[in-house]
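Thanks for coming, everyone. Please look at the sequence and the structure on the screen. I will walk through a few spots.

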Amino acid sequence: MPTTSPYTGRIRADWEQAADRLLFAVRPYASPRHSRIDLPGSRPSWSGPLSDGLEGYARTWLLASLRIAGARGEDPCGHLGRYAEGLAAGTSDPAGSPDAWPRMVGTPQAVVESASVALGLRLTRPWLWEALDDRTRQRAVDWLLPALAPSPVNNNWWLFGLTVAGFLQEAGIETDRARRTIDRALERIEDWYLGDGWYSDGPNRSFDHYNAWAMHFYPVLHAHLAGDRDLLDRYGPRLHRHLDDYSRMFGADGAPVPFGRSLTYRFAAAAAPWLGALTGHTPLTPGATRRLASGTLRYFLDRGAVDRDGLLTLGWHGAHEPMIQPYSGPASPYWASKGFLGLLMPPDHPVWTADEEPLPAETEDAVTTLGPTGMLLQSTAADGLVRLHNHGSNHVGDDEDPGYARFAYSTRSGPTHGDAERDNHFALILDGEPTRRLTADPLGTGPGRAVSAHTPHPGVRVVSAILVHGRAEVRAHLVTDAPDGTPVRQTGWARCDRTVTAQLHPVHGYATGVRRLPGGPTMFGETSELLAVDGVTTGPRSLFVALASLTGEADPAPVSTLADIRVHSPHEIHVTWHDGTTAVLRIPEESEES
């Protein structure tokens with residue numbers, strides 16, 4: 001193992017080899033003139049196979065461009081020529097060429113892919129763009145220009161136009177229009193910046209990994225490539241602050257917390273830490289940055305993220321279709337290419353030469369409030385496990401999304417899907433079916449705690465609170481205005497990994513027994529199990545309290561020994577932890593501050 005990489009064993013050469021292996025693996029699936037990469041898969045995306053082929057080109061082109069730019073134009077594997085030919089064929093007239101890419105007017109997904117095409121052209125401009133003939137360049141510009149229109153989707157999509165505009169501006173093409181597009185995109189996302197390094201991905205309190213691999217990634221990288229000091233002074237500190245939190249969302253094994261959507265992008269989660277090192281806007285040392293990024297790459301590659309043909313699968317470890325969104329197709333996982341951003345830094349950069357340093361999750365037990373999101377991180381050094389408690393982030397849409405609707409997520413467990421019993425869920429049981437949690441309305445956070453509310457059924461409100469210490473979790477739910485005798489159920493962690501132990505203990509309001517339920521497949525395995533406690537409502541207000549734990553410690557003590565809990569009223573719970581420290585958890589009326 002390299003002496004500078006005692007944690008991961010990975011050095012820059014390993015990243016270069018990983019990039020080349022991924023790029024060689026997709027070559028057999030290229031169309032005759034290389035404008036599409038039509039990867040095999042069980043189903044196309046909702047945009048259709050032609051769009052999916054463009055996606056295969058665009059996202060692997062981004063990886064090739066990072067590889068080539070990082071080598072200062074050297075291309076011993078011949079990536080550049082293949083993608084140059086694909087650009088010429090893809091931007092040809094669709095009426096006369098089967099190789100032409102779909103236009104953005106009829107295929108909105110092409111707007112997304114235009115950003116990867118343009119960013120790759122920007123990174124390799126001296127070696128590809130400037131070597132093209134005028135006719136090919138003009139066709140490429142004609143294909144890219146529609147991305148400068150207002151975004152058809154009101155979220156991170158605004159940044160795709162910004163990215164295309166950044167390339168055109170640098171190339172001296174439609175510079176005034178490009179400038180207006182950049183200004184408009186930055187103005188739009190400003191409405192969604194809520195402080196402390198956190199954006200909502202649209203006007204809906206959606207907080208997830210898109211903060212790192214989109215909302216910060218595109219503005220900061222554009223400012224860096226443009227040499228725009230004013231923009232970098234504005235957006236760089238936001239990235240720095242975000243990385244304070246984001247670096248704590250990775251377990252000691254390198255896993256990011258599997259929370260939110262598009263999780264099949266996997267090691268794209270390393271993009272923001274690399275970007276912080278590239279621009280100097282990071283709280284992480286160079287050694288800690290590489291340890292985080294290399295740990296994440298190793299985590300996925302060692303756990304089946306690529307199949308026997310070397311292709312990235314739609315899933316987490318291996319393929320896992322239940323977690324995949326309808327907009328994803330066979331080539332979607334190659335947004336993971338962003339995770340190779342570190343190759344832009346030369347071999348003698350400290351990020352490649354410094355000794356690796358431990359992650360925050362490895363150094364001490366910690367509880368971190370994630371700014372204005374209503375989310376809480378809980379990590380334990382003994383097992384390097386990170387848990388995220390969600391009391392404020394919501395899914396885009398009207399359905400219940402397992403990536404957002406659960407009360408808790410961790411680096412060693414994943415949510416159940418479909419008809420399986422919901423993990424980390426509190427529900428009323430109506431007509432034999434558990435109610436849903438569609439939104440988490442935040443009611444406040446504090447030291448080691450977070451509070452939210454949701455409406456599981458018309459006229460019924462549930463205020464939920466979490467209080468954590470070490471590996472212990474106090475989970476409390478105050479149910480208001482449910483009919484007397486309404487059954488309720490609290491479930492615990494869905495466990496596939498037999499090296500972790502999940503525990504759940506009823507404290508107040510529940511019956512004394514704990515049931516073991518089948519949880520179905522998760523991204524961590526084909527079979528899972530979870531624990532559940534049950535109770536019934538009594539009166540207009542019913543309080544339910546349980547102790548929970550997920551730990552990788554060997555032979556852990558029962559969770560009931562971790563805290564002494566005394567309920568003083570439906571709104572006040574006193575806790576004495578096993579180490580003698582105390583806390584009071586207050587469950588507010590919704591009009592109160594928690």
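Start with a term: two strands pair if DSSP finds at least two bridges between them. Strands here are DSSP runs of E, at least two residues, and helices are runs of H or I, at least four residues, both numbered from the N terminus.

Now the ground rules. This is a predicted model, where local features need pLDDT of at least 70, side-chain atom pairs count only at pLDDT 80 or more, and totals for chains, interfaces and linings use all residues. Residues are numbered from 1 along each chain as its sequence is written, and side-chain values use heavy atoms, with hydrogens and water left out.

First stop, a hairpin. Strand E9 (residues 441-446) runs antiparallel to strand E10 (residues 449-457), and 5 bridges join them. Which residue of E10 stands opposite Gly-444? That is Val-451. The hairpin has 2 residues between its strands. Gly-448 sits in the turn, with a positive phi of about 70 degrees.

Next, positive phi outside glycine. Asp-196 has a phi near 55 degrees. Find Asp-196 in the loop between strand E1 (193-195) and strand E2 (198-199). Asp-431 also has a positive phi, about 55 degrees, and is not a glycine. Its loop runs between strand E7 (426-430) and strand E8 (433-434).

How open are these two? We need cut-offs: buried is under 20% relative accessible area, exposed is over 50%, and partly exposed is in between (1.4 Å probe, protein chains only). Asp-196 counts as partly exposed because its relative accessibility is 41%. Asp-431 is at 83%, so it counts as exposed.

Just before that loop comes Leu-430, in strand E7. Leu-430 is at 25%, so it counts as partly exposed. Contact means heavy atoms within 4.5 Å. Leaving aside neighbours within four places in sequence, Leu-430 is in contact with Thr-435, His-457 and Thr-486.

Now another leucine. Leu-388 lies in strand E5 (residues 385-390). Is Leu-388 buried or exposed? Buried, because its relative accessible area is 0%. Not counting residues up to four places away in sequence, Leu-388 touches several residues, among them Met-249, Phe-259, Leu-370 and Tyr-409.

On to a helix. H2 covers residues 49-70, which is 22 residues. From first C-alpha to last, H2 reaches 31 Å, close to the 32 Å expected. The expected span is 1.5 Å times one less than the number of residues. Of the 22 residues in H2, 20 are buried. Just after H2, Arg-72 takes a positive phi of about 55 degrees.

Stay in helix H2 for Asp-52. Asp-52 is buried and has no salt bridge (a side-chain nitrogen of Lys or Arg within 4 Å of a carboxyl oxygen of Asp or Glu). For charge, Lys and Arg count as positive, Asp and Glu as negative, and His and the chain ends are not counted. The nearest side chain of opposite charge is Arg-43, 7.0 Å away.

Last stop, the rings. Rings of Phe, Tyr and Trp (its six-membered ring) pair if their centres lie within 6.5 Å; planes under 30 degrees apart are stacked, over 60 edge-to-face, and the rest tilted. How many aromatic pairs does the whole structure hold? The search finds 28. One of them is Trp-15 with Phe-340, edge-to-face, 5.1 Å centre to centre and 80 degrees between the planes. Trp-15 is in helix H1 (residues 12-26), and Phe-340 is 325 residues apart from it, in the loop between helix H11 (286-301) and helix H12 (350-353).
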